[in-house]
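This report describes the architecture of one protein model, from its peptide geometry and sheets to its ligand surroundings. Please consult the sequence and the structure shown below while reading.

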Amino acid sequence: MCRQLAYLGPPVTLAALLLDPPHSLLHQSYAPAEMRGGGTVNADGFGVGWHTGDGPVRYRRACPLWSDESFGALARVTRSGAVFAAVRSATVGMPVTETACAPFADGALMFGHNGRILGWPDSVAKLAERLPVTDLLTLDAPTDSALLWALVRHRLRAGADPTDAVRGVVCDVLAAAPGSRLNLVLHTGSAVVATTAGHSLSYLDTGDALTVGSEPSTVDRPWTPVPDGRILTGTPDHLVLEELC
Ligand code: GLN
């Protein structure tokens, strides 16, 4: 289990989004409420990506979110209208390293995965063979999440729209490795795509802002849970929920 949060809307401070709410991502890092598939805390690192007028920024660390005082200070003075953040509980056997933490990024794109590929890596070896060898040699980390990102990015580069790219990868992996947990989030800077396959997901649409998270972070507004087996594509103006595969 990892916990993820994507935000699109008027600029807010990273602290207001990730640290201050009653069940913020910070709170979810040590007291998650909707755990499935093992894991008790999300202490194996964290990452935050956000867009600025000068381009995208990414901050990742291999330490627990609660232990990084520098991020706390930075978050109080940093504002963005497009943010993706995640706290990590490493799957057994996968490395605890900064580069294994989401967001995986390419330009404006930010990506994360909550779950695990069953039978890793043999179950998806055939899918990995579709990638250019340079993509495989430059994976951020030897993890299932980093491979999923490479597969999604490959489809995007071939011209797929974000929803089709994410859906195609999840459905291929579920066919090759049934029972895998594949809650993927892709934040393009102007839209959020997210899947539910084995883990929790909710969204809050306030009309001017869309927040999509593994768990609701606020209590004063009604978050909507997303049933399993769906793909969400959303902006603050428009949200679509479809069958995943
Ligand atoms: N399998 C991924 C990793 O190890 C995601 C883990 C999770 O969702 N807990 O990074």
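Where is the place of Pro103? Pro103 lies in the loop between β4 (79-87) and β5. The model under discussion is predicted.

## Peptide geometry in the loops

Most residues other than glycine have a negative phi, and most peptide bonds are trans. Two cis peptide bonds may be considered against that background. Ala102 and Pro103 are joined by a cis peptide bond with omega of about 5 degrees. A further cis bond runs from Trp120 to Pro121, where omega is near 0 degrees. Pro121 belongs to the loop between β6 and α4 (125-128).

A glycine with positive phi is found in the hairpin of β7 and β8. Four residues lie between these strands, and Gly189 takes a phi near 100 degrees.

## The six-stranded sheet

Strands of a sheet pair through backbone hydrogen bonds, either parallel or antiparallel. One open sheet contains six strands in the order β5-β6-β7-β8-β12-β13, with antiparallel pairing. Its edges are formed by β5 (104-106) and β13 (239-243), each of which pairs on one side only. On average, and with direction ignored, neighbouring strands of this sheet are turned by 15 degrees against each other.

Within this sheet, β6 and β7 are antiparallel and share seven bridges. Gly112 has Val185 of β7 as its bridge partner. Val185 also stands opposite Ala194 in β8. The pairing of strand β7 (residues 181-187) with β8 is antiparallel and comprises three bridges. On to strand β12 (residues 230-234), β8 pairs in the antiparallel sense over five bridges. There, Val192 has Gly234 of β12 as its bridge partner.

Is strand β8 enclosed or open to its surroundings? Five of the five residues of β8 (residues 192-196) are buried, so this strand is largely enclosed by the rest of the structure. In a regular strand the side chains alternate between the two faces of the sheet. In β8, Val192, Ala194 and Thr196 point one way, while Val193 and Thr195 point the other way, and all are buried.

## The seven-stranded sheet

A second arrangement is an open sheet of seven strands, ordered β3-β2-β4-β1-β10-β9-β11 and paired in the antiparallel sense. The edge strands here are β3 (55-61) and β11 (224-225), and each pairs on one side only. The following table lists pairings from this sheet.

| Strand pair | Sense | Bridges | Facing residues |
|---|---|---|---|
| β1 (residues 3-13) and β4 | antiparallel | eight bridges | Leu8 and Ala82 |
| β2 and β4 | antiparallel | five bridges | Val48 and Ala85 |
| β9 (residues 202-205) and β10 (residues 210-213) | antiparallel | four bridges | Asp205 and Leu210 |

Strand β4 is largely enclosed by the rest of the structure, because seven of its nine residues are buried. Strand β2 (residues 46-52) includes Thr52. Why does Thr52 count as partly exposed? Thr52 has 13 C-beta neighbours inside 10 Å, and a residue is exposed with 12 or fewer such neighbours and buried with 20 or more, so Thr52 falls in between. Between the C-alpha atoms of Thr52 and Val133, which are 81 residues apart along the chain, the separation is 32 Å.

## Two crossing helices

Two packed helices are described by the angle between their axes and the distance between the axes. The axes of α6 and helix α7 (residues 162-176) come within 9 Å and cross at roughly 135 degrees. The two helices are therefore oblique to each other. The crossing of α6 past α7 is right-handed.

## Surroundings of the ligand

Which residues are the closest to the ligand? These are Cys2, Ser89, Thr91, Met94 and Asn114, out of 16 residues that surround the ligand. Two elements, β6 (109-116) and α6 (144-157), give two or more residues to this shell. The most is given by β6, with four residues. By character, the shell divides into five nonpolar, eight polar and three charged residues.

Two elements of the shell thus recur elsewhere in the description. Strand β6 also belongs to the six-stranded sheet, and α6 also takes part in the crossing with α7.

Methods: Residues are numbered from 1 along each chain as its sequence is written. This is a predicted model: local features need pLDDT of at least 70, side-chain atom pairs count only at pLDDT 80 or more; totals for chains, interfaces and linings use all residues. A residue is near a molecule or strand if its C-beta atom, placed from the backbone, lies within 6 Å of it. Ala, Val, Leu, Ile, Met, Phe, Trp, Tyr, Cys and Pro count as nonpolar, Asp, Glu, Lys and Arg as charged, and the others, Gly among them, as polar. Two strands pair if DSSP finds at least two bridges between them. Axes are lines fitted to C-alpha atoms, for helices over the stretch in contact, and angles run from 0 to 180 degrees between N-to-C directions. Angles under 35 degrees count as roughly parallel, over 145 as roughly antiparallel, 65 to 115 as roughly perpendicular and the rest as oblique. A crossing is left-handed if the near helix is turned anticlockwise from the far one by less than a right angle, and right-handed if clockwise.
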